[in-house]
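Biologist: I am new to this structure and would like to learn how to read it, feature by feature. Could we have it in front of us before we begin?

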Amino acid sequence: MRDVKHRYRGLPPRTPEMLYNIVRKFYRGAVSHYDVIQEKKADVREAWLRRRESGGDQELRQAMTTLFLEFHLYVTCWLQIEMALYRLARQDERQAEVMERFRETLEKHVKVRELLDETEACVQAQWQHDGPGLACVERDGYRFGDVTFTVDEQSLQDLHALYAAIMAAREASPPAAPTVSG
């Protein structure tokens with residue numbers, strides 16, 4: 001998997017059409033994964049409630065690890081979209097405007113993606129941040145560095161808006177000769 005800090009180095013050459021296909025593929029992947037994530041969030045909540053009775057953390061830690069692995073897949077889709085958009089933005093001013101408009105949301109998802117490479121450390125950080133009560137489960141907001149994150153309706157709407165903006169900019173752009181972007 002590509003190192004987030006150096007994600008723009010050594011990118012293989014891609015035509016704009018290939019980059020739009022990447023955007024489409026990873027958009028669909030993230031959207032289709034949304035329901036799985038909601039199921040895993042419910043599993044975490046159930047384990048959290050059972051933990052109150054049993055006092056043991058193992059089931060909750062395992063459920064949270066699984067959830068964070070699902071988050072990883074979702075934010076990896078965002079990372080792939082961001083990298084394709086970066087290359088499109090270098091060729092098309094309209095895509096550069098899209099990238100700038102969605103910069104904060106993109107950066108949030110990419111930052112979470114980078115931290116989730118260390119899934120176990122992210123799980124442990126929830127205990128360190130919230131203490132044994134783990135209010136993060138109840139509020140459905142997990143800490144990744146200085147970012148509170150979850151995959152919820154807002155994240156999904158942000159993804160839909162980003163995709164729509166990329167496609168609208170594509171439609172508004174004059175047809176160009178296929179160039180290869182690296």
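Biologist: Which kind of contact do the side chains of R50 and E59 make?

Modeller: Bear in mind that this is a predicted model. A salt bridge is a side-chain nitrogen of Lys or Arg within 4 Å of a carboxyl oxygen of Asp or Glu. Here the side chains of R50 and E59 form such a salt bridge, with 2.3 Å from N to O. R50 counts as partly exposed because its relative accessibility is 37%, and E59 is likewise placed as partly exposed at 40% relative accessibility.

Biologist: How many salt bridges does the structure hold?

Modeller: The structure holds nine salt bridges. One of them joins the side chains of E100 and R103, at 3.0 Å from N to O. With a relative accessibility of 48%, E100 counts as partly exposed, and R103 is partly exposed too, its relative accessible area being 34%. Another salt bridge brings together the side chains of D117 and R113, at 2.8 Å from N to O.

Biologist: Is R113 buried or exposed?

Modeller: The cut-off matters for this step, because buried means under 20% relative accessible area, exposed means over 50%, and partly exposed is what lies in between. R113 has a relative accessible area of 0%, so R113 is buried, whereas its partner D117 is partly exposed at 40%. Salt bridges can also be linked through shared partners, and in this way E100, R103 and E107 are joined into one network.

Biologist: Which residues gather in a patch of negative charge on the surface?

Modeller: A patch is built from residues with over 30% relative accessible area and no salt bridge, like charges being joined within 9 Å. In this structure D35, E39, D43 and E46 gather in such a patch of negative charge on the surface. Take E46 as the example: E46 sits in helix α1, which covers residues 16-54, and E46 counts as partly exposed because its relative accessibility is 41%.

Biologist: How far apart are the mean positions of the positive and negative charges of the protein?

Modeller: The protein has 26 positive and 29 negative charges, and the mean positions of these two sets are 4 Å apart.

Biologist: How many helices and strands are there in the protein, and in what order do the elements run?

Modeller: There are seven helices and two strands. Read from the N terminus on, the elements follow the order α-α-α-α-α-α-β-β-α. As for overall dimensions, the C-alpha trace spans about 65 × 30 × 20 Å along its principal axes.

Biologist: What share of the residues in the protein is buried, and how much area does the protein expose?

Modeller: Of the 182 residues, 46% are buried. The protein exposes about 9,400 Å², and carbon and sulfur atoms supply 51% of that area.

Biologist: How should I read contacts between residues that are apart in sequence, and what percentage of them join residues at least 24 apart?

Modeller: Contact means heavy atoms within 4.5 Å. Among contacts between residues at least 6 apart in sequence, 81% join residues at least 24 apart. H109 makes a useful case, as H109 lies in helix α4, residues 103-115, and counts as buried because its relative accessibility is 2%. Leaving out residues up to four places away in sequence, H109 touches Y74, V75, W78, F149 and S155. The C-alpha atoms of H109 and T76 are separated by 8.5 Å, although these residues are 33 residues apart along the chain.

Biologist: Where is G29 placed, and how far in space is G29 from L73?

Modeller: G29 belongs to helix α1, and G29 counts as partly exposed because its relative accessibility is 21%. G29 and L73 are 44 residues apart in sequence, and in space they are 8.8 Å apart from C-alpha to C-alpha.

Biologist: Turning to the backbone, what is the phi of L134?

Modeller: L134 has a positive phi of about 50°, although L134 is not a glycine. L134 is found in the loop between α5 (119-130) and α6 (135-139), and L134 is buried, because its relative accessible area is 0%. D140, which is also a residue other than glycine, has a positive phi near 55°. D140 lies in the loop between α6 and β1 (142-144), and D140 counts as partly exposed because its relative accessibility is 22%.

Notes:
Residues numbered from 1 in each chain as written. Predicted model: local features only at pLDDT ≥ 70, side-chain atom pairs only at ≥ 80, totals over all residues. Heavy atoms only, no water. Patch = residues over 30% accessible without salt bridge, like charges linked within 9 Å, V, L, I, M, F, W, Y side chains within 5 Å. Areas by Shrake-Rupley, 256 points an atom, 1.4 Å probe, with all protein chains shown as cover. Lys, Arg positive; Asp, Glu negative; His and termini not counted. Charge placed at Lys NZ, Arg CZ, Asp CG, Glu CD. Helix = DSSP H or I, 4+ residues; strand = E, 2+ residues; numbered from the N terminus. Buried < 20%, exposed > 50% of the residue type's maximum accessible area, 1.4 Å probe, protein only.
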